[in-house]
Amino acid sequence: MAEWIIRLYIDILNNNLKESAKKLGLDGNFIFQQDNDPKHTSRNVKMWCLFHCKQQLHTPPQFPDINVIENSWAILETAVQKYQIRNKAHLKQVLQEEWDKISPDTTKKLVESVPRRLEDIIKAKGHATKY
């Protein structure tokens, strides 16, 4: 994995994680979830998390039943499909605008659904659920 990608990811964590948790009313009381993406499992990211995330939940990659970011990507994809994208710059602009429109309430509801998701996965014995 390229070192610059890992540094960029750590910068994103530094600049956004605490602010996002605060907006969701979670402050320091949250479980940080990552899948097994290589940048998430790098030594530098693991060290960063050790010092900045009291609780962590590691999940399989692209497992929407647990990983609420997959649901967020789906919301974003649906919103972006309404546009006639002209070029890369336009796509970037639309992605940013539509991402900014995803409300903290929507995100909070997704986060609050995790216990139900986990219960459903247990009931389904690890198979896919309605999520």
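Start your tour by selecting α3, whose buried residues pack against β1, α4, α5 and α6. You are looking at a predicted model, and this helix is a handy place to get your bearings.

**Stop 1: α3**

Colour Val68, Asn71, Ser72, Leu76, Ala79 and Val80, the buried residues of α3. Next, draw a distance from the first C-alpha of this helix to its last: α3 has 13 residues and reaches 19 Å, close to the 18 Å expected at 1.5 Å a residue.

While you are here, click on glutamate 70, which also lies in α3. Is glutamate 70 buried, exposed or something in between? Its relative accessible area is 22%, and it counts as partly exposed because buried means under 20%. Now add cysteine 49 to the selection. Glutamate 70 and cysteine 49 are 21 residues apart along the chain, and their C-alpha atoms are separated by 21 Å.

**Stop 2: the whole chain**

Zoom out and show everything as a cartoon. You should find 6 helices and 2 strands. Following the sequence from its start, the pattern reads α-β-α-β-α-α-α-α. Along the principal axes, the C-alpha atoms fill a box of roughly 40 × 35 × 30 Å.

The chain has 131 residues, and 29% of them count as buried. If you display contacts between residues with a separation of 6 or more, 62% of these join residues 24 or more positions apart.

**Stop 3: α4**

Select α4, residues 88–101. How far apart are the end C-alpha atoms of α4? They are 20 Å apart, which agrees with the 20 Å that its 14 residues should span at 1.5 Å a residue.

Show the side chains of His90, Val94 and Glu98, which are buried in α4. Turn the view until you look down the axis of α4: its buried residues fall within an arc of 55°, so they line one face of the helix. There is a general rule to keep in mind here: an α-helix has 3.6 residues a turn, so residues three or four places apart point the same way.

What do the buried residues of α4 pack against? Their partner is α3, the helix from your opening stop. Rotate to the face of α4 turned away from its buried side, and you meet the exposed residues Lys88, Ala89, Lys92 and Asp100.

**Stop 4: α6**

Move on to α6, residues 114–123. Which residues of α6 are buried? They are Val114, Arg117 and Ile121. Look down the axis of α6 and you will see these buried residues within an arc of 55°, so they line one face of the helix.

The buried residues of α6 pack against α3 and α5. On the other side of α6, Ile122 and Lys123 are exposed. Then step past the end of the helix: α6 is followed by lysine 125, whose phi is positive, near 55°.

**Stop 5: two residues to click on**

Select proline 104, placed in helix α5. Proline 104 counts as partly exposed, at 45% relative accessibility. Draw a line from its C-alpha to that of arginine 86: these two are 18 residues apart in sequence and 29 Å apart in space.

Now try isoleucine 5, which sits in helix α1. Isoleucine 5 is partly exposed as well, at 27% relative accessibility. Add lysine 39 and compare the C-alpha positions: isoleucine 5 and lysine 39 are 34 residues apart in sequence, yet 7.2 Å apart in space.

**Stop 6: the largest pocket**

Finish by switching on a surface and finding the largest pocket, which has a volume of about 1,900 Å³. To place yourself, select Leu17, Ser20, Ile69, Trp99 and Thr107, which lie nearest its centre among the 40 lining residues.

Many elements contribute to this lining. At least two residues each come from α1, β1, β2, α3, α4, α5 and α6. Which helix gives the largest share of the lining? That is α1, with 9 residues. Last of all, colour the lining by class: 22 of its residues are nonpolar, 11 are polar and 7 are charged.

Notes:
Residues numbered from 1 in each chain as written. Predicted model: local features only at pLDDT ≥ 70, side-chain atom pairs only at ≥ 80, totals over all residues. Heavy atoms only, no water. 1 Å grid on protein atoms, 1.4 Å probe; cavity = no way out; pocket = protein on both sides within 12 Å on 5 of 7 lines; lining within 4 Å. Points joined across faces, edges and corners; volume = space filled by probe spheres on them. Helix = DSSP H or I, 4+ residues; strand = E, 2+ residues; numbered from the N terminus. Nonpolar A, V, L, I, M, F, W, Y, C, P; charged D, E, K, R; others polar. Expected span 1.5 Å × (residues − 1). Buried < 20%, exposed > 50% of the residue type's maximum accessible area, 1.4 Å probe, protein only. Arc of directions from axis to C-beta. Contact = heavy atoms within 4.5 Å.
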